[in-house]
Amino acid sequence: MSFQAPKGTFDVVPPRSATWLAVREALSRPPRLAGYEYVETPLFEDTGLFVRGVGESTDVVTKEMYTFADRGGRSLTLRPEGTAGVLRAIAERGLHRGQLPVKVWYAGQNFRYEQPQSGRYRQHTQVGVETIGGDDPALDAEIVWMAWQAQRSLGLTGTRLLLNSLGCRECRPAYRELLQDFLRGIDLDDDTRRRAAINPMRVLDDKRPEVQAQLTDAPLITDHLCGACKEHHAQVRSYLADLGVEWEDTPRLVRGLDYYVRTTFELVHPGLGAQSAIGGGGRYDGLLATIGGPDLGGVGFGLGLDRTVLAVEAEGLTVGETSRCDVYVVPLGAAARRRTVTLLRDLRAAGVRSDTSYGGQGLKGAMKAADRSGAAFALVLGDRDLEQDSAQLKDLRGGGQRPVPLAELVDVVAGAMAPAHAEQD
């Protein structure tokens, strides 16, 4: 009997896993440098959390959640997105009672029952950030900049930033009525009309061409913002300009979740095909209150690790370690193999990635393995070398070989690798 990964999932294996790890590091680096602290929440939560937090009109809640009853009869759901669970943790653990704003980042898997296709999976990984307890436009700009900077740090040039404002509790009701009046006059199926009755702005997010074709003359929220929202959006755009961020004003942009207000943005890449969104986010003032916390402002984003990897590959970029070790030890003889065990320990303790051949492999086979490993150096250790308390250090990239005393070996190798590691950092 053989098994395969479930439909809509995939394995991350070498050599692609090196790119995966490098992308995860790049996406998490900006928030770590900005003082955001790490949080991790359960893979499943009370179903009600997502119904209230994500929005009952969303496709996520109505069609895509993996919901099940546990043995105690409780309705639980595998995490479909990161924000609701993180805000639940902030409220439950009282993080909002300390210094504000609360600034956290996270990374993990989300689960949605969707039709699998390129760039869309039933299990996908996101890196996200959330900020609770501030309504300063500078926070919005910081969030957008971090998402943008992560893309640029990977060398991505095709990523586009779409930006919009969705108004607030003051100006949204009047716009909602205008939009609902407009939607009553176009041809929509029953499911879409039900969705429009709950949140008409969700219809603007409908990707079907036959729906989009009818929305050409739909009223735009940016034409109906209150004075405060106009000022907030203007300040966000001003800060982004100061930061050198390039964006496209997109007045029809509506993210697929109900909780967004004011600043809303999305990152898209043409190399991903129909599923072009890498991720996005925005402001969600009042969301914490809907799940039992205080009424505090919030803003955040979620970036798809899987989709960012696809964008990197689409642009033909090489990121991550191209080698699996720095030094490959080639022991020749039983005594050398025994000495190699402690030598590897000492090299690894010094931060040098090191490996060796096993099973008594000969010199020719071991050197081929050293080449395949991508190591910069090979350490050849034979009986004669042991008698002289030394090993042969062979440069696999530049050529050349020299003896190095065993007592100095770790320092010499670590020093030789330092410039390469500094360049990677």
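**Helix packing and buried residues in a predicted model**

Helix H11 is followed by Gly316, a residue whose phi is positive, near 70°. The model described here is a predicted one. Helix H11 covers residues 305-314, and because 8 of its 10 residues are buried, the helix is largely enclosed by the rest of the structure. The buried residues are Leu305, Asp306, Arg307, Thr308, Val309, Leu310, Ala311 and Val312. The elements that cover them include two helices, H1 (16-33) and H5, together with the strands E6 (123-132), E10 (277-283) and E11 (298-304).

The setting of this helix is a protein chain with 15 helices and 16 strands. The C-alpha trace of the chain spans about 90 × 55 × 45 Å along its principal axes. Of its 425 residues, 49% count as buried. Among contacts in the chain with a separation of 6 or more, 69% are accounted for by residues 24 or more positions apart.

Two of the elements that cover H11, namely H1 and H5, also pack against each other. The axes of H1 and H5 come within 8 Å and cross at roughly 135°. An angle of this kind makes H1 oblique to H5. The crossing in which H1 passes H5 is right-handed. On the H1 side the contact is made by Ala26, Leu27, Pro30 and Pro31, and on the H5 side by Met146, Gln149, Ala150, Gln151 and Ser153. Sorted by class, these residues comprise 6 nonpolar and 3 polar, with no charged residue in the contact.

Helix H5, which covers residues 137-153, has a further partner in H9; the two pack at an angle of about 45°, with their axes 8 Å apart. H5 and H9 are therefore oblique to each other. Here, too, the crossing is described from H5, which passes H9 in a right-handed manner. From H5, the residues Pro137, Ala138, Asp140, Ala141, Val144 and Trp145 meet His232, Gln235, Val236, Tyr239 and Leu240 of H9. This contact of H5 with H9 has 8 nonpolar, 2 polar and 1 charged residues.

Helix H9 itself runs over residues 227-242 and contains Ala241. Is Ala241 buried or exposed, or does it fall in between? Its relative accessibility is 46%, and Ala241 therefore counts as partly exposed. Ala241 also serves as a reference point for distance across the chain: Met65 lies 176 residues away in sequence and 38 Å away in space, C-alpha to C-alpha.

Another helix pair is formed by H6 (residues 172-184) and H7 (residues 190-198), whose axes come within 10 Å and cross at roughly 165°. That angle makes H6 roughly antiparallel to H7. H6 passes H7 in a left-handed crossing. In this pair, Arg176, Gln180, Leu183 and Arg184 of H6 meet Arg193, Ala196, Ala197 and Ile198 of H7. The residues of this contact divide into 4 nonpolar, 1 polar and 3 charged.

The cysteines can be considered next. How many disulfides does the structure hold? The count is 0. Why is there no bond at Cys171? The cysteine sulfur closest to that of Cys171 belongs to Cys229 and lies 3.8 Å away, which is too far for a bond, because a disulfide requires the two sulfur atoms to be within 2.5 Å. Cys171 has a relative accessible area of 6% and is therefore buried. Cys325 counts as buried as well, at 2% relative accessibility.

Cys325 leads to a final site, since it is among the residues in contact with Ser354. Ser354 is found in strand E13, which covers residues 354-356. With a relative accessible area of 9%, Ser354 is buried. When neighbours within four places in sequence are left aside, Ser354 is in contact with Cys325, Val327, Leu344, Leu347 and Arg348.

Conventions:
Residues are numbered from 1 along each chain as its sequence is written. This is a predicted model: local features need pLDDT of at least 70, side-chain atom pairs count only at pLDDT 80 or more; totals for chains, interfaces and linings use all residues. Side-chain values use heavy atoms; hydrogens and water are left out. Buried means under 20% relative accessible area, exposed over 50%, partly exposed in between (1.4 Å probe, protein chains only). Helices (H or I, at least four residues) and strands (E, at least two) are DSSP runs, numbered from the N terminus. Axes are lines fitted to C-alpha atoms, for helices over the stretch in contact, and angles run from 0 to 180 degrees between N-to-C directions. Angles under 35 degrees count as roughly parallel, over 145 as roughly antiparallel, 65 to 115 as roughly perpendicular and the rest as oblique. A crossing is left-handed if the near helix is turned anticlockwise from the far one by less than a right angle, and right-handed if clockwise. Contact means heavy atoms within 4.5 Å. Ala, Val, Leu, Ile, Met, Phe, Trp, Tyr, Cys and Pro count as nonpolar, Asp, Glu, Lys and Arg as charged, and the others, Gly among them, as polar.
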